[in-house]
Amino acid sequence: MLSRIRRDLTMAEAARGPGNARVDHLLVADMIEPRSRVLDVGCGDGELLKLLESRGVDGRGIELSREGVNECVAKGLAVIQGDADTDLVDYPDDAFDYVVLSQTLQATRHPRAVLEHMLRIGRHAVVSFPNFGHWRIRLLLLFGGRMPQTDNLPHTWYDTPNIHFCTIKDFRDLCITVGVKMERALALNAWGRPLRLHAPWWFWNLFGEQAVFLLSRR
Amino acid sequence: MPELKAVAGRIAVVREREADQPHSPVAVFGKDQPLQLDAGVELSPFQVAYQTYGALNADRSNAVLIGHALTGDQHVFNRHPVTGKSGWWDTMVGPGKPIDTNRYYVICPNVLGACMGTTGPASTDPRTGVPWGLDFPVITIRDMVRAQAMLLDRLGIDTLFAVAGGSMGGMQVLQWAASYPQRVFAALPIACATRHSAQNIAFHEVGRQAVMADPDWRGGRYFAETVSPRRGLAVARMGAHITYLSDAALHRKFGRKFQGRDNPTFSFDADFEVESYLRHQGSSFVERFDANSYLYLTRAMDYFDLAADCEGVLASAFKATTTRFCVISFTSDWLFPTSESRAIVHALNAAGARVSFAEIATDKGHDAFLLDEPELFQIVAGFLDSAAAARGIAKG
């Protein structure tokens, strides 16, 4: 399920940066201190973990799909088969410096519990997700009158892994409710390139197709 | 039939000779180097038979120890001296194979208590001049691993690049990682568990009772009367063999097909192909395996419980470990189901260990680790490659 979302993004030809890394991965990686310990939840085919390891990060991964896990392990990555909703509970407190959840939050059953576990296991959390408040999605619902389908989110409502869509504002509210500190936030366009910094939240919420948040415990 | 019996007899004679004078190098440990057993007694003297493949590098850093399963032995990928068959893991080990003998120095010892040259109940007790039989002390997986560590000391190998094995071999891998964490760089436990489940102990007990119920077992002293509990051991093997397969695999292989006929005979002959297959498995097993060894090795597996050695906290068994782990299970394995491997992974995560875990989709059951499973080979090769790069072992 998780890897399917990843593949959708790749299909939309996410922009590539130096070393052919996906730009959204580079942005996530830039939020992480080199040589730290990182857990990537929903690590897909391990591309982000590979990028992080090239920066001296001690990376581990969890992935739901069997094919994704086996691909990662065959690449020499320390990845286990598991589910963000049920398996984070098994990790001890403070096991990692960062816990990354990339394009996976909306597919979890209990996003709030997942977020809380992330900041229990790690000192920091990096969360990226598709923004359901983007203007095109708003227009699709307003004028189409049906659940929006886009290039990045192509699933029908009855066959989607994405059961908990949110907007950037919604996620910000959740962070406030849970009581976590928002260290940094970025909104990205459809190709994973960042929108201009220092824009107000409403601007990001309307024009960002994705968002990346760096969070820490308060 | 008498001809067949004569062949079987010859194989049994060859096998009995293997117990003391195997077709393998042997490390003998004299009275000055006793083996301390968990049962609280010392075993001395004793010997360990082993096979090696490939070459040890100058740094002595490329040694891979393979733990064999319950009825396996040290003959990983050479012709078997008793059966003449090819080695039991020649799909996994060899030049260019995932455990590449061009790159790694592979050592496989016959486990303590077995019957292919390492001291066990079939070996001659030096005090009496006849096989140990039930006078042999009951041993554990930890005792097997202690003996293996003594073998490595003898071979001058301080640190193993990797320890790998499936089933009872996987138990040895976990015990190695727990007992000698500083001596194991990478660990590959496949299709195993940190403790033998009640169901598995139950299966083993049925097997042991089948052996002991055979009048030819003679209280374990069959060797003195030149008989052996062939029927009992064959039944034990037949029962166990079912647990190594899966319903789907049996159905695919045999279904309800009749053996060499179109209609049932309305008798208790082996009408069904699956019956005939199991009978063959049973009868060929008894040629190459000692009945008392079967009792001792199943017992060692039953007693295996890593957490029990750490006041019930499994994670403590791997505390502060720097070993890299790759845990592998198979979807259709109901003897060591994926939930057992998950328990290993949870404990390793709790200990902060570097662990990978993959479950491979197959309908071949527990025995899948011995069979042609391309995904298994890919994962093992990938895991070992990256670990070897981290260890600085040159490519083969």
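The exercises below, each with a worked solution, concern a predicted model with chains A and B.

**Exercise 1. The contact between the chains**

Find how many residues of chain A are in contact with chain B, and which elements of chain A supply them.

Solution.
- Step 1. On chain A, 15 residues are in contact with 20 residues of chain B.
- Step 2. Two elements of chain A, helix 4 (66-74) and strand 3 (78-81), each supply at least two residues of the side that touches chain B.
- Step 3. Helix 4 of chain A gives the most to this side, with 5 residues.
- Step 4. By class, the residues of the side of chain A that touches chain B are 9 nonpolar, 3 polar and 3 charged.

**Exercise 2. A glycine of chain B**

State where Gly382(B) is found, whether it is buried or exposed, and what it is in contact with beyond its neighbours in sequence.

Solution.
- Step 1. Gly382(B) is part of helix 10 (residues 374-391) of chain B.
- Step 2. Around Gly382(B) there are 22 other C-beta atoms within 10 Å. A residue is buried at 20 or more, so Gly382(B) is buried.
- Step 3. Leaving aside neighbours within four places in sequence, Gly382(B) is in contact with Val73(A), Ala74(A), Lys75(A) and Gly76(A).
- Step 4. As for Asn78(B), Gly382(B) is 304 residues from it in sequence, and the two C-alpha atoms are 25 Å apart in space.

**Exercise 3. Helix 5 of chain B and its crossing with helix 7**

Check the span of helix 5 (residues 230-244) of chain B, list its buried residues, and classify its crossing with helix 7 of chain B.

Solution.
- Step 1. Helix 5 of chain B has 15 residues, and at 1.5 Å a residue it should span 21 Å. The expected span is 1.5 Å times one less than the number of residues. The end C-alpha atoms of helix 5 of chain B are 21 Å apart, which agrees.
- Step 2. The buried residues of helix 5 of chain B are Arg230(B), Gly232(B), Leu233(B), Ala234(B), Val235(B), Ala236(B), Arg237(B), Met238(B), Ala240(B) and Tyr244(B).
- Step 3. These buried residues pack against helix 4 (198-213), helix 7 (273-288) and helix 8 (291-303) of chain B.
- Step 4. Two packed helices are described by the angle between their axes and the distance between the axes. The axes of helix 5 and helix 7 of chain B come within 8 Å and cross at roughly 125°.
- Step 5. This angle makes helix 5 of chain B oblique to helix 7 of chain B, and the crossing is right-handed.
- Step 6. From helix 5 of chain B, Arg230(B), Leu233(B), Ala234(B), Val235(B), Arg237(B), Met238(B) and His241(B) meet Leu278(B), Gln281(B), Gly282(B), Ser283(B), Phe285(B) and Val286(B) in helix 7 of chain B.
- Step 7. The residues of this contact divide into 7 nonpolar, 4 polar and 2 charged.

**Exercise 4. Helix 2 and helix 3 of chain B**

Classify the crossing of helix 2 (residues 141-155) and helix 3 (residues 168-179) of chain B, and name the residues that meet.

Solution.
- Step 1. The axes of helix 2 and helix 3 of chain B come within 9 Å and cross at roughly 70°.
- Step 2. Angles of 65 to 115 degrees count as roughly perpendicular, and helix 2 and helix 3 of chain B are therefore roughly perpendicular to each other.
- Step 3. The crossing of helix 2 and helix 3 of chain B is right-handed.
- Step 4. Ile141(B), Arg142(B), Met144(B) and Val145(B) in helix 2 of chain B meet Met171(B), Gln172(B), Gln175(B), Trp176(B) and Ser179(B) in helix 3 of chain B.
- Step 5. The contact of helix 2 with helix 3 of chain B has 5 nonpolar, 3 polar and 1 charged residues.

**Exercise 5. Helix 8 of chain B**

Decide whether helix 8 of chain B is mostly covered or mostly exposed, and name what covers its buried residues.

Solution.
- Step 1. Of the 13 residues of helix 8 of chain B, 11 are buried, and the helix is mostly covered.
- Step 2. Among the buried residues of helix 8 of chain B are Tyr294(B), Leu295(B), Tyr296(B) and Leu297(B).
- Step 3. The cover over the buried residues of helix 8 of chain B includes helix 2, helix 3, helix 4 and helix 5 of chain B.

**Exercise 6. Backbone features in loops of chain B**

Locate Pro45(B), Arg60(B) and Arg218(B), and describe the backbone at Pro45(B) and at Arg60(B).

Solution.
- Step 1. Ser44(B) and Pro45(B) are joined by a cis peptide bond, with omega about -10°. Pro45(B) is in the loop between strand 3 (42-43) and strand 4 (46-53) of chain B.
- Step 2. Arg60(B), not a glycine, has a positive phi of about 55°. Arg60(B) is in the loop between strand 4 and strand 5 (63-67) of chain B.
- Step 3. Arg218(B) is in the loop between helix 4 and helix 5 of chain B.

How values were computed. Residues are numbered from 1 along each chain as its sequence is written. Chains are lettered from A and ligands numbered from 1 in the order in which they are written. This is a predicted model: local features need pLDDT of at least 70, side-chain atom pairs count only at pLDDT 80 or more; totals for chains, interfaces and linings use all residues. Two residues are in contact if their C-beta atoms, placed from the backbone, lie within 7 Å. Helices (H or I, at least four residues) and strands (E, at least two) are DSSP runs, numbered from the N terminus. Ala, Val, Leu, Ile, Met, Phe, Trp, Tyr, Cys and Pro count as nonpolar, Asp, Glu, Lys and Arg as charged, and the others, Gly among them, as polar. A residue is buried if 20 or more other C-beta atoms lie within 10 Å of its own, exposed if 12 or fewer, and partly exposed in between; C-beta atoms are placed from the backbone. Axes are lines fitted to C-alpha atoms, for helices over the stretch in contact, and angles run from 0 to 180 degrees between N-to-C directions. Angles under 35 degrees count as roughly parallel, over 145 as roughly antiparallel, 65 to 115 as roughly perpendicular and the rest as oblique. A crossing is left-handed if the near helix is turned anticlockwise from the far one by less than a right angle, and right-handed if clockwise.
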